[in-house]
Amino acid sequence: MWDLDLAERGAERIAWAEKLMPVCRSVGAVFKRDRPLEGLRIGCCLHVTKETAVLVKVLSEGGASVALCPSNPLSTQDDVAAALSELGIQVYAYRGMPPREYYEAIGKVLSHRPHITVDDGADLTSTVHKIMHGVRDEGVAWASSVLSDPRGSCSEVFGGTEETTTGVVRLRSLETQGLLLYPVIAVNDSPTKRLFDNPIGTGQSVLDGIMRATGVLLAGKRLVVAGYGQVGSGIAMRARGLGCEVIVVEPSPVRALMAAMNGFRVTDMNEAAEVGDIFVTATGNINVIRREHFLRMRSGAILANAGHYDVEISKNDLSSISERVEKVSELVTKYVLHDGRELYLLAEGRLVNLVAAEGHPPEVMDLSFSLQALAVKYLAENRERLGRRVYVLPEEIDDAVARGKLESMGVKLESLTEEQKRYLREWRLGTS
Ligand code: ADE
């Protein structure tokens, strides 16, 4: 557990992030004036970072009372947790929580009987749904163990938001099966989130994590990216910028074609395994790098994951083919295979950008978390008319956030003339 002595440093880091998050600041100023969240209890399950602290402050300025647990056991910045606690936020997080405590923290957030859940990866939302639908598993048992009335604790939730692709996949599965219990806003799917946070935020922060963990030179390395979605394509782009030879592994024909036409070498994991120096997974799927791939790798290969869960690089397979496992540093684990080759796993296979670095930079989280704050307000204002569905925020909200960011950057927007607006509405005009 962290020490309250860390709070001062945490407060300084939060202030630094706040300076770089002007759109969140202006949403906070409006919230402070209008108090759109007065009386609401909000349960957040987010990476406990300096940027999340800025969001929590904005929600509090809107009048909400906020309880926070982490969305990954290893991503918590302890100084930030301490600073939030000093500010009176109920925060149940410390770096390195074991799985049982991680789910107990989710239970503790539920003990505040939230009206709205703000989630990153859907662990909080799925715990609420499991409790309400009577699904028992270890996580639910641990979360429920801190609750005198688990169902009662979940019964006042009337809406939720979700930050990431992995979480949205789970929500859509609940929706398709008719099991979703309240409206959830897929903040991830707003263009102002997915076009910036996913490729640009992850592109920078994943490479930052690899560099902080290992200190290796990236120029001249062969870096294999598994998955060429929004996140993987961002990692590939930035790795190329740093001088890596990037190899993409991708099962979707359209995405693979896109990678090939963007000039990347595209192949399957069997072939990539033989040549890669650094491997990064960004697929949202399980066992993407597994036994048969480890057995082909060169000694010294570095393995990192950028997907939400630590399932993309099979740690079970790695252990089963290893003679010895040694911790080289807090962030690097060495697996010595039976034939003497060494493979290096970063951040225990968890999100390398949040465990080995500080997550996405504040300038990018400014967009994502302004949308989160506005999504919470949208839920509060529209609770009567929204159904049990997954929603995307209206375009006007997206545009307002993008506009605010452009203003803060001093970037001028072009304006359409009245003639141009009419032209775009006209269907009769064609070849002249
Ligand atoms: N997800 C990715 N980067 C993040 C950050 N800096 N804070 C919170 N969540 C994040």
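This is a short walk through one protein model, from its overall build down to a handful of residues.

The model is a predicted one. I will start with the whole chain. Its secondary structure amounts to 20 helices and 15 strands. As for overall dimensions, the C-alpha trace extends over about 75 × 65 × 45 Å along the principal axes. The radius of gyration is 22 Å, and a compact globule of 432 residues would come out near 22 Å, so the two agree.

Next, burial and surface. Of the 432 residues, 54% are buried. The exposed surface of the protein is about 19,200 Å², and 51% of that comes from carbon and sulfur atoms. On charge, there are 50 positive and 57 negative ones, and the mean positions of these two sets lie 2 Å apart.

How much of the contact network joins residues at least 24 apart? Taking contacts between residues at least 6 apart in sequence, the share is 70%.

Now the domains. The assignment gives two pieces: domain 1 covers 4–195 together with 360–408, and domain 2 covers 199–355. Domain 1 is therefore written as two segments of the chain, with domain 2 falling between them in numbering. Measured is not the word here, but the computed separation of the two domain centres, over C-alpha atoms, is 29 Å. Across the boundary, 19 residues of domain 1 make contact with 18 residues of domain 2.On to single residues, and a stretch of domain 2 to begin with. His 293 sits in helix α15, residues 291–294. Is His 293 buried or exposed? Its relative accessibility is 3%, and the cut-off for buried is under 20%, so His 293 counts as buried. Setting aside neighbours within four places in sequence, His 293 is in contact with Met 269, Asn 270, Ala 273 and Val 288.

Glu 274 belongs to helix α14, which runs over residues 269–275. Along the chain Glu 274 and His 293 are 19 residues apart, and their C-alpha atoms are separated by 8.1 Å. Glu 274 has a relative accessible area of 39% and is therefore partly exposed. Which residues does Glu 274 touch, once those up to four places away in sequence are not counted? They are Arg 296 and Arg 298.

Staying in this part of the chain, Asn 287 lies in the loop between β10, residues 278–281, and α15. The backbone is the point of interest for Asn 287: phi is near 50°, a positive value in a residue other than glycine. Asn 287 is partly exposed, at 33% relative accessibility.

A second residue with positive phi is Glu 348, again not a glycine, with a value near 55°. Where is Glu 348 placed? It is in the loop between β14, residues 342–346, and α17, residues 352–355. Glu 348 has a relative accessible area of 33%, which makes it partly exposed.

Now to residues from domain 1. Ser 60 is in helix α3, residues 50–61. At 24% relative accessibility, Ser 60 counts as partly exposed. Ser 60 touches Arg 35, Val 66 and Ile 89, with residues up to four places away in sequence left out. Ser 60 also pairs with Leu 37 in a distance worth giving: they are 23 residues apart in sequence, and 8.2 Å apart from C-alpha to C-alpha.

Glu 104 is part of helix α5, which spans residues 99–110. Here we have a glutamate that is buried, with a relative accessible area of 16%. What does Glu 104 touch, not counting residues up to four places away in sequence? The list is Trp 142, Ala 143, Ser 145 and Val 146.

Last, Arg 385. This residue is placed in the loop between α18, residues 362–381, and β15, residues 390–391. Arg 385 is exposed, with a relative accessible area of 56%. In sequence, Arg 385 and Pro 183 are 202 residues apart, while their C-alpha atoms are separated by 9.9 Å. Pro 183 falls within the 4–195 segment of domain 1, and Arg 385 within the 360–408 segment.

To close, two points to keep in view on the structure. The domain centres are 29 Å apart. Glu 104 is buried, whereas Arg 385 is exposed.

Note on methods
Residues are numbered from 1 along each chain as its sequence is written. This is a predicted model: local features need pLDDT of at least 70, side-chain atom pairs count only at pLDDT 80 or more; totals for chains, interfaces and linings use all residues. Side-chain values use heavy atoms; hydrogens and water are left out. Helices (H or I, at least four residues) and strands (E, at least two) are DSSP runs, numbered from the N terminus. The radius of gyration is taken over C-alpha atoms; the globule rule is 2.2 Å times the number of residues to the power 0.38. Buried means under 20% relative accessible area, exposed over 50%, partly exposed in between (1.4 Å probe, protein chains only). Contact means heavy atoms within 4.5 Å. Accessible areas come from the Shrake-Rupley method with a 1.4 Å probe; for residues, only the protein chains shown count as cover. Lys and Arg count as positive and Asp and Glu as negative; His and the chain ends are not counted. The place of a charge is taken as NZ of Lys, CZ of Arg, CG of Asp or CD of Glu.
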